[in-house]
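Thank you all for making time this morning. I would like to take you through one structure, beginning with a sheet, then turning to a single residue, and ending with a disulfide.

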Amino acid sequence: QVKLIESGGGLVQPGGSLRLSCAASGHTFSDYALGWFRQAPGKEREFVAAISWTYGATHYADSVKARFTISRDKALNTLYLQMNSLQPEDTAVYYCAEGPVGSRSGFDHWGQGTQVTVSA
């Protein structure tokens with residue numbers, strides 16, 4: 001059974017940085033991608049970034065492309081999201097999930113989420 005557990009959220013000032021982690025377990029992820037999504041209050045969940053577990057190919061939402069970096073440590077089975085130059089509009093619950101390589105939809109096995117709040 002796939003299990004994804006996010007951590008690393010918190011309160012940060014505008015312009016600050018955070019690194020989120022997602023501990024993954026349950027099966028071999030070699031045929032999949034892992035991705036980050038976020039959901040702000042009153043809004044639908046949206047794609048942030050994803051990475052192919054085996055080859056490390058990445059893609060990003062335009063809104064975060066120059067500021068966020070997704071990575072993974074295959075030995076630790078952990079996914080990361082380094083977030084720099086955070087802005088109030090980045091405030092949301094951030095989730096990791098497993099899905100098809102190269103896609104922004106079709107993701108499943110959602111974690112419980114970690115809250116990121118960007119505020120002065």
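What you see here is a predicted model, and I will start with an open sheet of six strands, whose order is 2-10-9-4-5-6 and whose pairing is mixed. At the edges stand strand 2, which covers 10–12, and strand 6, which covers 58–60; each of them has a single partner strand, so one side of each is left without a neighbour in the sheet. From one strand to the next, the twist averages 20°.

Let me follow the pairing inward from strand 2. Strand 2 and strand 10, the latter made of residues 114–118, run parallel and are joined by three bridges, and in this pairing Val12 stands opposite Val118. On to the next pair in the order: strand 9, residues 92–99, pairs with strand 10 in the antiparallel sense, again over three bridges, and here Val93 is found opposite Gln115.

Strand 10 deserves a moment for its side chains as well. In a regular strand, side chains alternate between the two faces of the sheet. Along strand 10 we find that alternation, with Thr114, Val116 and Val118 pointing to one face and buried, while Gln115 and Thr117 point to the other face and are not buried.

Now to the single residue I mentioned, which is Gly35, found in strand 4, residues 33–39. Is Gly35 buried or exposed? Its relative accessibility is 0%, and because the cut-off for buried is under 20%, Gly35 counts as buried. If we leave aside the neighbours within four places in sequence, Gly35 is in contact with Ala49, Ala50, Ile70, Leu79, Tyr95, Cys96, Ala97 and Phe107. As for Ala92, it lies 57 residues from Gly35 in sequence, and the two are 15 Å apart in space, C-alpha to C-alpha.

Cys96, one of those contacts of Gly35, brings me to the last topic. The structure holds one disulfide, and it joins Cys22 to Cys96, with an S to S distance of 2.0 Å. Which parts of the chain does this pair tie together? Cys22 lies in strand 3, residues 18–25, and Cys96 lies in strand 9, so the pair links parts that are 74 residues apart in sequence. The torsion about the S-S bond is about 60°, so the disulfide is right-handed. As for accessibility, Cys22 is buried, with a relative accessible area of 0%, and Cys96, at 1% relative accessibility, also counts as buried.

Notes: Residues are numbered from 1 along each chain as its sequence is written. This is a predicted model: local features need pLDDT of at least 70, side-chain atom pairs count only at pLDDT 80 or more; totals for chains, interfaces and linings use all residues. Side-chain values use heavy atoms; hydrogens and water are left out. Two strands pair if DSSP finds at least two bridges between them. Helices (H or I, at least four residues) and strands (E, at least two) are DSSP runs, numbered from the N terminus. Axes are lines fitted to C-alpha atoms, for helices over the stretch in contact, and angles run from 0 to 180 degrees between N-to-C directions. Buried means under 20% relative accessible area, exposed over 50%, partly exposed in between (1.4 Å probe, protein chains only). Contact means heavy atoms within 4.5 Å. A disulfide is a pair of cysteine sulfur atoms within 2.5 Å.
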